[in-house]
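Have a look at the model below. This report takes a helix pair, then the contact between two chains, then the surroundings of a DNA strand.

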Protein chains: 2
Amino acid sequence: MSSDELSSRTPEASSGRRPRLDDVAAEVGLSTASVSLVLRGAPGPSAATRERVLEAAARLGYRPDRAASLLARRRSRLVGVMMKDVRNPFQAELVEDVQEAAERQGYDVVLSAVTRGRDERRAVETLVDSRCEALVLLGPDAPAADLAALDRQLPVVVVGRPVPALRTAPGEAGVDVVRAADDEGVGLAVEHLAGLGHRAITYLDGGRGTIAAARRRGYTRAMKRLGLGGYLSVVPGDRTEESGTRAADALLEERGGARPTAAVAFNDRTAVGLLDALIRAGVPVPDGMSVVGYDDSPLARLAHVDLTTVSQDTAAQAEHALAALVERLDGGRTAHREVVLPPRLVVRGTTAPPPNTADL
Amino acid sequence: MSSDELSSRTPEASSGRRPRLDDVAAEVGLSTASVSLVLRGAPGPSAATRERVLEAAARLGYRPDRAASLLARRRSRLVGVMMKDVRNPFQAELVEDVQEAAERQGYDVVLSAVTRGRDERRAVETLVDSRCEALVLLGPDAPAADLAALDRQLPVVVVGRPVPALRTAPGEAGVDVVRAADDEGVGLAVEHLAGLGHRAITYLDGGRGTIAAARRRGYTRAMKRLGLGGYLSVVPGDRTEESGTRAADALLEERGGARPTAAVAFNDRTAVGLLDALIRAGVPVPDGMSVVGYDDSPLARLAHVDLTTVSQDTAAQAEHALAALVERLDGGRTAHREVVLPPRLVVRGTTAPPPNTADL
DNA sequence: ATGAAAGCGCTAACAG
DNA sequence: CTGTTAGCGCTTTCAT
């Protein structure tokens, strides 16, 4: 971490010019072709030659020019990653994981972030124009039809969002999708709470959208499955902290025996809002009420929050996304694929058995 | 947001091949040279020609190949941005701002993130190999000497971290630096509190490091300047939430008249930890105690946190960083430059006049 | 095992 | 105003 050399030392700073392949070739008295082979580790050159070339290249501080190599190469071995939201920690984690997965597969990654002056369309265009062979789209907003059109140009995998199936023309199967099973995730949370002895478990909703619908459904089904249908209670909300804070009132008002002892929130933000309101209201967590979030965001991991939550396993999502691309690129797969990953419950400090009802 | 077309429609999908410049040229019966001029908006071609070319290009769905164009062009007009930490919201914001500033200056941005398997050195190499003309390094860890070496290859500006001056060889002046005046920032916080009537203002320290030292100094000086030298009190810490939580004990213990009525924290995380502990301890904020953070991170903006804090104005930092690069690139500036930006106090809900001492 | 030569797709002199 | 001619720096047949 400390002595990263940022620039390759150039012991013999022969000239100001950046050394090119033919400089190295001249240095060892070989053709650029042979040098190129050695530098890429391609088979052919003898061990002795390799050594001489490598030594000379290192000595001159040679670094291949990406643009030139990209232009000459048949395949770029580049996958483009579009980040929909640079500030979203979930996506940041995905980027890291995709980067790693790509490296393992022998691909390099080009990043393109959507920003104020740069919409999804432009971010994607940059990637395509940069010779990417395939695209990973992190939570894109584009309609399914546009995604399908893009997929006609090059393999595309959408991560983190379901993409409604399109009436597909023959030979087109739509983009691949990798995402987490949101309904299952909420189910896990509910089961965990029920297992601790909770019955009156409330759900703090996340409003409109495919993901919100899936999570809500997960709650309802889990409650019914566990025979808690009579305790169903969904508090409307909008994914923000305020939403959680407002929900606290609703939860605490219900004094009449039906007052919930636990709450599952659409996401960590909402859960944190709720936590905060509960503490201010003098309700201890988890002893007075249990709270579960969703996302396992850094927020949840903050020591003083220590939120029980549901994790989406970004590493696995990245792995699957890359596998999907590589299979289409190198394996010639043509069929559509949707990978739905099981979420994982992360139990931390905001859940405990319900308070003894005798105390109430 | 809804109907972003991700792929250019290709009404006449003539062939599977991506159209090239000569396809467009052939289409309109011109040379590639003229077409190139039109497409780049370069002066020369007549209005009539322009129109025909543009029309044909659009019809064929032509998009220039970045690698080819990069290779052929003398100047790439590319600036590379290295993100030290993809998950750092402050850096994410900077990326957006740099992107915007670059666009205004007619430059394009290439992103390179440091991740687990990709250290600073590699991230920077990628940028250099991609023909970037200049580099923006967001909070790099590399030692000053390495930065200086890199700066010998191409203009480099370090954002967000001070870089110690090196014994410079003639003609070398070291990297440019753009950062915020940390001491001043803490000074603003202290002044704000003093203005509200606080005297016993404690500082929650951020441990070792240049930045921490600057902020600590800012606190000490401001207190003395305001005649509050007698109230000086620095609680050791390490920038985490726990650090803030632990500090709460120290603050609340001091019952004997000297108990502080306000605290300034090294950063928002620490401030949030403190807030949390205060609330749990039954001390109302801001009525029982005022708290100021530093960074104006999203954390501070959360509705239920609503933290008074110090903002570093990423937009201005980005603007200055790009200006510095452009001046060296296009303006031939050679002298060293360090821009230190004044921070801005963002007053929110965690600061108020001190509780009436009669009440204590 | 190595070299010669022909591009990759675009840009930039320089002519006309 | 437009076309011709060279490359940009590297990879890749295809010979040798």
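## A helix pair in chain A

In α5(A), the residues A:F90, A:E93, A:L94, A:D97, A:V98, A:A101 and A:A102 meet A:T314, A:A315, A:Q317, A:A318, A:E319, A:A321 and A:L322 of α13(A). Contact here is a matter of distance: the C-beta atoms of two residues, placed from the backbone, lie within 7 Å. Helices (H or I, at least four residues) and strands (E, at least two) are DSSP runs, numbered from the N terminus.

This is a predicted model: local features need pLDDT of at least 70, side-chain atom pairs count only at pLDDT 80 or more, and totals for chains, interfaces and linings use all residues. Residues are numbered from 1 along each chain as its sequence is written, while chains are lettered from A and ligands numbered from 1 in the order in which they are written.

The contact of α5(A) with α13(A) has nine nonpolar, two polar and three charged residues. Ala, Val, Leu, Ile, Met, Phe, Trp, Tyr, Cys and Pro count as nonpolar; Asp, Glu, Lys and Arg as charged; the others, Gly among them, as polar.

How do the two helices cross? The axes of α5 (residues 89-104) and α13 (residues 314-330) of chain A come within 8 Å and cross at roughly 50 degrees. Axes are lines fitted to C-alpha atoms, for helices over the stretch in contact, and angles run from 0 to 180 degrees between N-to-C directions. α5(A) is therefore oblique to α13(A).

## Two chains

In chain B, 57 residues are in contact with 57 residues of chain A. α5(B) gives the largest share of chain B's side, eight residues.

A turn of 180 degrees and a shift of 0.0 Å along the axis lay chain B on chain A with an RMSD of 0.1 Å. That is the relation of a two-fold axis. Copies are superposed by least squares on the C-alpha atoms of residues with pLDDT of at least 70 in both. In chain B, the C-alpha of B:A67 is nearest the axis, 2.4 Å from it.

## Around DNA strand C

Which residues come nearest to DNA strand C? Of the 24 around it, they are A:A33, B:L21, B:A33, B:S69 and B:A72. A residue is near a strand if its C-beta atom, placed from the backbone, lies within 6 Å of it. α4(B) supplies the largest share of this surface, four residues.

The table sets two surfaces side by side.

| Surface | Nonpolar | Polar | Charged |
|---|---|---|---|
| Side of chain B that touches chain A | 22 residues | eleven residues | 24 residues |
| Surface near DNA strand C | eleven residues | eight residues | five residues |

Notes: Angles under 35 degrees count as roughly parallel, over 145 as roughly antiparallel, 65 to 115 as roughly perpendicular and the rest as oblique.
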